[in-house]
Every structure is written in C-alpha cells, then in structure tokens.
Amino acid sequence: MTETVVSTPKPRPEVTVLVEPPGATTVPPRRKDSGGRLRALDGLRLVAALMVAAYHYGGRDGEVSEAWGSSPKEQFPTLHEYFAYGCLGVQVFFVISGFVICMSGWGRPLKSFFASRASRLLPAYWVAVALVTAVFALPMVAYKAVSPSDALVNLTMLQMPLGVDRVLGVCWTLWAEVRFYALFALCVVLPGANRRRVIMFCAGWMLAAVIAANAHMPLLDIVVMPEYAPFFIGGVGLYLVHLDRRDAYGWGIVAVSWLIGQHFAVQGLWHAPDAGGFSYRSSLGIVLVVTFGFVAVAAIALGWLRWANWRWLTVAGALTYPFYLVHEHLGWVVIHALHSGLGLPSAATFSLTVASMLMLAWLLNQYVEKPLTPRLRALLAKTR
C-alpha cells in the first residue's frame, strides 16, 4: 500500500506541559493555530477519576466493606451494578495519556521530557505516600500500615516490580504509565518525534503486544503491557488525527486499538453470571464504556467539544491527579467515620467522602504541586 502523502507537522515549540499518570494528565495548551486549551480533556479526566472512585467506594468488595460495615452491595442495592463498571475509568485515563504524552513529547528534547514528567508525578505522590502511611499508623484506624522499609521503597515508584507492599492501591496504574513514558521516550522522543516515527512506534508496540498476549513470557509482558497497550496506542493515534483529521494511518491506529482494547478489557473484566459473585459486568457494557473513552477523546481531538472552554474545567483537571492518589485508602477512613461513626446514610456518606477527597486534592495542588513542581522541573532541566 502506498502511503498517503501528508505534510509532517512542524515541531511544536517547547512549552511548559505537565503530563502525568491516570488522573494526572494536565492538558497542555493546544497549538497556536487551534486556539485555546483542550479544557474538555480536563473535564474528561475528572469524569474518569469519579468513575474510579465510584468503583472503589461502591463497586467492589474487599477492604471497603470494613469501612461500610457490610458489603457495598447492601449499601447500594441497585447502583453497585453500575459502580462496578467504574474500574474502566483507568482505560479511559490511558487513552487520554496516550494523546497528551504524544502532544507534549512532540518537539521536546529528552531531558525536558523527563524533567516535566518527574516533576509533575513525584511531589504529590511523595506526600500522598507519607500521608496514607501516617493515617494508617494511627491507633483508631482499622487498616494496617505497611512496614517502614516498604513505605520507603514506595517513594521510588518501583514497589510493583520489587514485589513490595503498596501504600497506595492505585499505584499499579502509575507503574503502567511509567513504562509507557519510558517506551515513548526511547522510541520517539530520543530520536525526535515525527509522524512516520510515531506511526512505526504504534505499529511495532501493537504487534509486540498481541504476540506477548499468548507468549507466556513474563519479561515481555512487563515491557509491552499487552492488556493496556491498545489504550495508550489509541490515544497516540488520536493525536495524529488531531493534527490532521484526514490522516488514514492515524484513524487506522485508532480503529485497531479500539478493536484489540475492547478484547483485552472484556477478557480481563467479564465473568459468567455468578450468584455468589459481588458484581456482574456484561461484555456489552464493558465494550460500551471502552467505546465511550475512545469516542470522547476523538471528539476532543476533532474539535467538536471546543465550546467546553470553561475555566473551572482547568481547575478540575488540576485536582484529578492528587484526588486519584488519595481517594481510595483515605476514602475508606472517611467512610468509616461518617457511616459507622456518625451514622450518616450511604448516599450522604458517599457524596461527602468524594467532596472531602476533592478538598484534600485541592490542598495538595495548592500547597504541594504548585510550589514544588516548577522548582523540581527547573532543577532537573539544569542538571547535566
């Protein structure tokens, strides 16, 4: 097949772009000729974060049942079936991340790319690890803190490959994001981002992912992440579409990513109806949520949601990463205090817990991220 000739986009001038993991992708400014920020992407991030919170508070069993005093199925007899789909907010985050990482890495040198990623991820993460460890160590909290040694290892973000107990339950998604950043940095940012290189990166990674799916090679699984690769790759393809909506290769990447991504999502999250199981997600429901993620980012990439340009969306986007970090474990503590301690109804407890975690996220953003992120970025950018 002869490649359609499409003019290669000029490297974007370096801008201060802060991109992070699930819940942590601050949307960089759009190209100067497109006008304004992609604020709708900030709003979508908040939606995905609230999906994950709904899953952690009411869509699963496990340790959250200790906070409620019973299974969330009893607290939310109808809604728990819908909350169970909230875990797919992570896949939506990964599509957003693929889009924004490609946007931020275009025309950016490797050192600047690394400095922006590290400076955005680490300050709030370090404080969240310390905060959750300290709260869980309190005698009145029912949950057990990890050992001091494991807590220190968690500060490196490498606890997953080391098999160390996690302080933050959501950090497994950060490990997936870090691996994506490393692959993109080595294959695209280091040699210099351009359309052809991005297309080859997507094609090569997708091929490696489908081969790894049944190769039974743990190291290959760790590197190429077959169950999550289609979502990152789909987001990268959507950025090519953002640059040129007529790009057939970009649309092809998106289509293949959606087809394979829904397969992995259904394979990992669907189970046969089981009366003894906590939740039942239908395969159609899973496919619909995955499709929502791709369609929503595509609508933003094509400019269809340019009208959603409200400033509060930028604020919401800034809160998403710290909210994502702290909402699960500290949310359990708040749920127990409000529901079991004060006797508040389930709906009120749920709403107040989300609101309190958003307030804590605002404090982390104001007093941790805003002062420390630019300082750490400047320090890393100057270091030889």
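This briefing walks through the fold, core, ring pairs, open spaces and a few single residues of one protein chain. The model is predicted. The chain has 384 residues, and 56% of them are buried. There are 16 helices and zero strands. Take contacts between residues at least 6 apart in sequence: 75% of them join residues at least 24 apart.

**The nonpolar core**

- The largest nonpolar core holds 122 residues.
- Six members touch the most other members: Phe-99, Leu-168, Phe-180, Phe-184, Trp-205 and Leu-325.
- Helix H15, residues 311-341, gives the most to this core, with twelve residues.
- Phe-180 shows how far the chain folds back on itself in sequence terms. Beyond its neighbours within four places, Phe-180 is in contact with Ser-97, Gly-98 and Ile-101. Trp-205, Met-225, Phe-232 and Val-236 are also in contact with Phe-180.

**Aromatic pairs**

- The structure holds 25 aromatic pairs.
- One of them joins Tyr-57 and Phe-350, with ring centres 5.9 Å apart. Their planes stand at 85 degrees, so the pair is edge-to-face.
- Tyr-57 lies in helix H1 (residues 39-58) and Phe-350 in helix H16 (residues 346-382), so this pair ties together parts 293 residues apart in sequence.
- Tyr-57 and Phe-350 are both buried.
- Phe-93 and Tyr-324 form another pair, with ring centres 5.5 Å apart. Here the planes meet at 75 degrees, so this pair is edge-to-face too.
- Phe-93 sits in helix H5 (residues 89-105) and Tyr-324 in helix H15, which puts the two rings 231 residues apart in the chain.
- Phe-93 has 2% relative accessibility, so it counts as buried. Tyr-324 has 1% and also counts as buried.

**A ring cluster and a charge**

- Ring pairs link a set of aromatic residues into a cluster. Its members are Phe-94, Phe-113, Trp-172, Phe-180, Tyr-181, Phe-184, Phe-201, Trp-205, Tyr-228 and Phe-232.
- Phe-180, Phe-184 and Trp-205 belong to this cluster, and they are also among the core members that touch the most others.
- Arg-117 lies over the face of Phe-113, at 5.1 Å from the ring centre.

**Pocket and cavity**

- The largest pocket has about 730 Å³ of space.
- It is lined by 35 residues, and the closest to its centre are Arg-60, Arg-166, Gly-169, Trp-172 and Glu-328.
- Six helices each supply at least two residues of the pocket lining. They are H1, H5, H6 (110-136), H9 (171-189), H13 (248-269) and H15.
- H13 provides the largest share of that lining, five residues.
- Trp-172 appears twice in this account: it is a member of the ring cluster, and it is one of the residues closest to the pocket centre.
- A search of the whole structure finds one cavity of 30 Å³ or more. The largest cavity has a volume of about 70 Å³.
- Eleven residues line the largest cavity. Arg-37, Leu-38, Arg-39, Leu-305 and Arg-306 lie nearest its centre.

**Single residues in short helices**

- Glu-81 is in helix H4, residues 79-83. Its relative accessible area is 45%, so Glu-81 is partly exposed.
- Glu-81 and Tyr-55 are 26 residues apart along the chain, and their C-alpha atoms are separated by 9.7 Å.
- Pro-161 is found in helix H8, residues 159-162. At 47% relative accessibility, Pro-161 counts as partly exposed.
- Pro-161 and Trp-172 are eleven residues apart in sequence. From C-alpha to C-alpha they are 9.8 Å apart in space.

**Positive phi in two loops**

- Met-157 has a phi near 70 degrees, a positive value in a residue other than glycine. Met-157 is in the loop between helix H7 (148-154) and H8. At 10% relative accessibility, Met-157 counts as buried.
- His-216 also has a positive phi, near 55 degrees. Its loop runs between helix H10 (195-212) and helix H11 (218-224). His-216 is exposed, with a relative accessible area of 68%.

How values were computed:
Residues numbered from 1 in each chain as written. Predicted model: local features only at pLDDT ≥ 70, side-chain atom pairs only at ≥ 80, totals over all residues. Heavy atoms only, no water. Core = buried A, V, L, I, M, F, W, Y, C linked by side-chain atoms within 4.5 Å. Buried < 20%, exposed > 50% of the residue type's maximum accessible area, 1.4 Å probe, protein only. Helix = DSSP H or I, 4+ residues; strand = E, 2+ residues; numbered from the N terminus. Contact = heavy atoms within 4.5 Å. Phe/Tyr/Trp six-rings, centres within 6.5 Å; stacked < 30°, edge-to-face > 60°. Lys NZ or Arg CZ within 6 Å of the ring centre and 35° of its normal. 1 Å grid on protein atoms, 1.4 Å probe; cavity = no way out; pocket = protein on both sides within 12 Å on 5 of 7 lines; lining within 4 Å. Points joined across faces, edges and corners; volume = space filled by probe spheres on them.
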